[in-house]
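Here are my notes on the model, as numbered points. Please read them with the structure open.

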Amino acid sequence: QLQLVESGGGLVQPGGSLRLSCVASGFATLDYYAIGWFRQAPGKDREAVSCLSKSGDISDYAESVKGRFTISRDIAKNTVYLQMNSLKPEDTAVYYCAARLATVQAVCVMNSQYYITWGQGIQVTVSS
């Protein structure tokens with residue numbers, strides 16, 4: 001069974017950068033899975049941040065993070081990353097990675113209901 005563990009969160013000043021990591025362990029390597037990053041701020045619904053297809057060559061981003069965040073993966077390390085630059089206070093949230101065993105190569109889904117396995121979440125706080 002796949003397990004996901006996020007790391008790399010913390011406190012950063014506005015304009016700063018963080019790189020979140022999501023390490024997968026379990027049944028198969030990440031190239032079998034579609035991946036999503038989501039976040040949830042206090043009092044708000046969980047929202048999609050980014051996704052990456054099983055093939056690894058299709059990604060998508062929420063409008064609020066386009067041009068600032070980048071999703072990537074390292075199959076050898078079984079790790080997915082979310083590079084976050086030019087961070088803003090409104091990026092403050094708990095960030096989650098999620099995965100689903102995918103049969104279609106080129107699917108990138110920005111919907112939390114699609115994903116089966118979730119990490120425990122990691123806090124990101126952007127504040128001066």
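1. Start at Trp 118. This is a predicted model, and in it Trp 118 is partly exposed, at a relative accessible area of 25%. The cut-off for buried is under 20%, so Trp 118 does not fall in that class. Trp 118 belongs to one aromatic cluster together with Phe 38, Tyr 96, Tyr 114 and Tyr 115.

2. Now the pairs within the aromatic set. How many aromatic pairs does the count come to? The count comes to four. One of them joins Phe 38 and Tyr 115. Their ring centres are 5.5 Å apart, and the planes meet at 70 degrees. That geometry is edge-to-face. Phe 38 sits in strand β4, residues 33-40, while Tyr 115 sits in the loop between β9 (93-101) and β10 (117-118), so the pair ties together parts 77 residues apart in sequence.

3. Are these two rings buried or exposed? Phe 38 is buried, with a relative accessible area of 1%. Tyr 115 also counts as buried, at 4% relative accessibility.

4. A further pair is formed by Tyr 96 and Trp 118. The ring centres lie 6.4 Å apart and the planes stand at 75 degrees, so this pair is edge-to-face. Tyr 96 is in strand β9 and Trp 118 in strand β10, and the pair links distant parts of the chain, 22 residues apart. Burial is not shared here: Tyr 96 counts as buried at 14% relative accessibility, whereas Trp 118 is partly exposed at 25%.

5. Next, the overall fold. The protein chain has zero helices and eleven strands. Read along the sequence, the pattern is β-β-β-β-β-β-β-β-β-β-β. Of contacts between residues at least 6 apart in sequence, 61% join residues at least 24 apart.

6. Dimensions. Why does the radius of gyration agree with a compact globule? For 128 residues, such a globule would have a value near 14 Å, and the protein chain has 14 Å. Along the principal axes, the C-alpha trace spans about 45 × 25 × 25 Å.

7. Surface and charge. Buried residues make up 45% of the 128 residues. The accessible surface of the protein chain is about 6400 Å², and carbon and sulfur atoms hold 48% of that area. There are 11 positive and 10 negative charges, and their mean positions are 2 Å apart.

8. Check Ile 58. Where does Ile 58 lie? Its place is the loop between β5 (47-52) and β6 (59-61). Ile 58 is partly exposed, at 32% relative accessible area. Beyond its neighbours within four places in sequence, Ile 58 is in contact with Cys 51, Leu 52, Ser 53, Ala 106 and Cys 108. Gln 105 is 47 residues away from Ile 58 in sequence, and their C-alpha atoms are 9.1 Å apart.

9. Check Ile 75 as well. Ile 75 is in the loop between β7 (69-74) and β8 (79-84). Its relative accessible area is 29%, so Ile 75 is partly exposed. Which residues does Ile 75 contact, leaving aside neighbours within four places in sequence? They are Leu 30 and Asp 31. Gly 56 is 19 residues from Ile 75 along the chain, with 9.7 Å between the C-alpha atoms.

Technical notes. Residues are numbered from 1 along each chain as its sequence is written. This is a predicted model: local features need pLDDT of at least 70, side-chain atom pairs count only at pLDDT 80 or more; totals for chains, interfaces and linings use all residues. Side-chain values use heavy atoms; hydrogens and water are left out. Helices (H or I, at least four residues) and strands (E, at least two) are DSSP runs, numbered from the N terminus. The radius of gyration is taken over C-alpha atoms; the globule rule is 2.2 Å times the number of residues to the power 0.38. Buried means under 20% relative accessible area, exposed over 50%, partly exposed in between (1.4 Å probe, protein chains only). Contact means heavy atoms within 4.5 Å. Accessible areas come from the Shrake-Rupley method with a 1.4 Å probe; for residues, only the protein chains shown count as cover. Lys and Arg count as positive and Asp and Glu as negative; His and the chain ends are not counted. The place of a charge is taken as NZ of Lys, CZ of Arg, CG of Asp or CD of Glu. Rings of Phe, Tyr and Trp (its six-membered ring) pair if their centres lie within 6.5 Å; planes under 30 degrees apart count as stacked, over 60 as edge-to-face and the rest as tilted.
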